[in-house]
Amino acid sequence: MSEEFDDDEMLAAEYAIGLLPADEMEAARRRALSDPVFSARIAEWQAVLSEIADFESVTPPVRAKTAIMHQLFPETARVSVWRRLGLWQALAGGAVAATFVLAFILWQPGPTDQAGPLYTAEIMSQAGDFRVVAVVDKIRNEVILTRTAGAAPEGRILQVWAHGPDEPAQSVGLWPDGESIRLRLPPEIAMVQGTLTLGVSEEPIGGSVTGSPSGRVFGTVDIPNVSDSI
Amino acid sequence: MRGSEDDTHKSAGAELEELISRCALGDRKAFDALYDATSAKLYAICVRILGTNAAAEDAMQDTYIKIWNNAAQYSVTGHSPMTWLITNARNTSIDRLRARREDSDLADHGDVSTGPRMTPEQSELSVSRAGRIKDCLSSLPDDRSDGIKAAYFDGYSYADLAERANVPLNTMRTSLRRGLTALWECMTQ
């Protein structure tokens with residue numbers, strides 16, 4: 001909160017509470033997107049107000065959780081339809097993590113047992129300010145990542161994460177600097193068959209100390225149908 | 001990471017923060033655990049705003065779907081995990097309440113402000129003020145504290161409140177602005 005209760009402080013409070021007519025609410029919302037000081041004031045009022053919303057817990061009916069899980073994670077048979085719908089919505093709504101996934105068959109000279117699939121995918125932040133192209137190389141069980149937009153903030157580094165279906169995310173490795181990096185997939189990630197999820201976050205130098213992302217997660221991408229053989 | 005809360009508070013907050021960041025990576029088990037840890041708190045808010053009915057359940061479902069979909073934006077909001085979760089539940093419920101009233105005068109609250117992260121100094125200021133809002137609200141004249149609560153929990157704008165109290169809009173606005181100024185003064189003392 002500011003040192004002085006000025007007009008902006010009042011506007012931030014009125015916006016957080018919802019006292020204003022529609023056009024003024026919308027104007028304040030737009031301003032918050034580009035004005036960090038104003039946005040921080042709104043966040044503070046939201047934090048203060050959230051304390052009066054501290055009611056006695058009420059256990060929701062079990063069906064509520066079932067419905068949420070069903071809506072977010074429909075059973076396998078419906079996954080492809082849902083994914084397509086999800087992708088369409090993402091593109092129509094301004095793109096969450098654009099998923100352009102192509103599986104190439106890599107024909108290499110040499111013994112045939114060295115041939116394996118190669119998957120490419122793009123990780124993109126919702127705001128579009130950060131983009132990484134990832135290539136998963138199942139011959140060598142490596143991932144090669146290249147930044148095409150954005151970077152870690154000053155004094156921070158990037159960290160790459162991955163997980164298989166219903167598995168907890170784990171660190172693939174740190175990406176301290178440079179446009180590109182090649183990382184060996186950890187054994188658990190190399191074993192994933194099916195949908196492999198990759199993500200990138202920004203972390204303190206040395207990486208997240210919690211074992212999970214602690215900074216901003218720029219985005220994730222699901223690579224479907226990953227397997228070791230062509 | 002965010003201010004100097006006491007140890008128990010910090011560990012519960014840090015745990016929720018970790019669950020949200022794992023949700024951002026598409027970790028379903030983390031989402032499951034986050035739901036189990038927070039749904040009774042968030043459902044209580046939906047019930048307060050919408051009553052015990054299907055609408056409150058629907059609002060809670062929408063809230064968790066937004067939480068899953070927006071988990072990657074969480075870390076840039078500068079909020080503590082509970083503030084982010086509560087504000088999501090409150091805004092989603094208020095939007096439904098207004099839709100039910102067919103009130104076209106008010107815009108959706110939409111998603112919780114995704115402004116940039118607060119500096120640690122700012123966060124510490126918030127923490128030092130934590131817990132004071134209830135005392136400060138009750139120090140206001142009843143009509144002002146009731147007005148602020150009715151706006152926050154029942155989705156009433158200045159215009160709605162003026163109509164309900166049968167007073168001119170300017171009178172209501174001036175009164176509540178005095179209330180907000182007094183509230184701010186109490187909290188920054």
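How are α4(A) and α2(B) oriented to each other? The two helices are roughly antiparallel, since an angle over 145 degrees counts as such and theirs is about 155°. This tour of a predicted model begins at that pair and then proceeds through chain B to a helix pair in chain A.

**Stop 1: a helix pair from two chains**

Select residues 62-72 of chain A, which form helix α4, together with residues 28-50 of chain B, which form helix α2. The axes of these helices lie 12 Å apart. When the view is turned to show one helix over the other, α4(A) is seen to pass α2(B) in a right-handed crossing. Now display the side chains at the contact. On α4(A), the residues to show are A:A64, A:K65, A:I68, A:M69 and A:L72. Facing them on α2(B) are B:F31, B:D32, B:Y35 and B:D36.

**Stop 2: chain B as a whole**

Next, select all of chain B and colour it by secondary structure. Nine helices appear, and zero strands. Read from the N terminus, the order of elements is therefore α-α-α-α-α-α-α-α-α. Of the 189 residues in this chain, 53% are buried. The accessible surface of chain B amounts to about 8100 Å², and carbon and sulfur atoms contribute 48% of that area. Among contacts in chain B with a separation of 6 or more, 66% are between residues 24 or more positions apart.

**Stop 3: the disulfide**

Select B:C136 and B:C186 and show their sulfur atoms. A disulfide joins these two cysteines, with an S to S distance of 2.0 Å. The structure holds one disulfide over all chains. Looking along the S-S bond, one finds an angle of -75°, and the link is left-handed.

What does this pair tie together? B:C136 sits in helix α6 (residues 133-138) and B:C186 in helix α9 (residues 169-188), both of chain B, so the link connects parts that are 50 residues apart in sequence. Adding a surface display shows how each partner is covered. B:C136 is buried at a relative accessible area of 2%. B:C186, at 16%, also counts as buried, because the cut-off for that class is under 20%.

Two further cysteines may be selected here for their burial. B:C23 has a relative accessibility of 2% and is buried. B:C46 is buried as well, with a value of 0%.

**Stop 4: α8 against α9 in chain B**

Keep α9(B) on display and add residues 158-165 of chain B, which form helix α8. The axes of α8(B) and α9(B) come within 8 Å and cross at roughly 115°. α8(B) is thus roughly perpendicular to α9(B). The crossing is right-handed. For the contact, show B:Y158, B:A159, B:L161, B:A162 and B:A165 on α8(B). From α9(B), the contributing residues are B:L169, B:M172, B:R173, B:L176, B:R177 and B:L180.

**Stop 5: α1 and α2 of chain A**

Finally, return to chain A and select residues 7-17, helix α1, and residues 22-34, helix α2. Are these two helices roughly parallel or roughly perpendicular to each other? With axes that cross at roughly 110°, α1(A) and α2(A) are roughly perpendicular. Their axes come within 10 Å, and the crossing is left-handed. The contact can be shown with A:D8, A:L11, A:E14 and A:Y15 on α1(A). The partners on α2(A) are A:M25, A:A28, A:R29 and A:R31.

Conventions
Residues are numbered from 1 along each chain as its sequence is written. Chains are lettered from A and ligands numbered from 1 in the order in which they are written. This is a predicted model: local features need pLDDT of at least 70, side-chain atom pairs count only at pLDDT 80 or more; totals for chains, interfaces and linings use all residues. Side-chain values use heavy atoms; hydrogens and water are left out. A disulfide is a pair of cysteine sulfur atoms within 2.5 Å. Helices (H or I, at least four residues) and strands (E, at least two) are DSSP runs, numbered from the N terminus. Buried means under 20% relative accessible area, exposed over 50%, partly exposed in between (1.4 Å probe, protein chains only). Contact means heavy atoms within 4.5 Å. Accessible areas come from the Shrake-Rupley method with a 1.4 Å probe; for residues, only the protein chains shown count as cover. Axes are lines fitted to C-alpha atoms, for helices over the stretch in contact, and angles run from 0 to 180 degrees between N-to-C directions. A crossing is left-handed if the near helix is turned anticlockwise from the far one by less than a right angle, and right-handed if clockwise. Angles under 35 degrees count as roughly parallel, over 145 as roughly antiparallel, 65 to 115 as roughly perpendicular and the rest as oblique.
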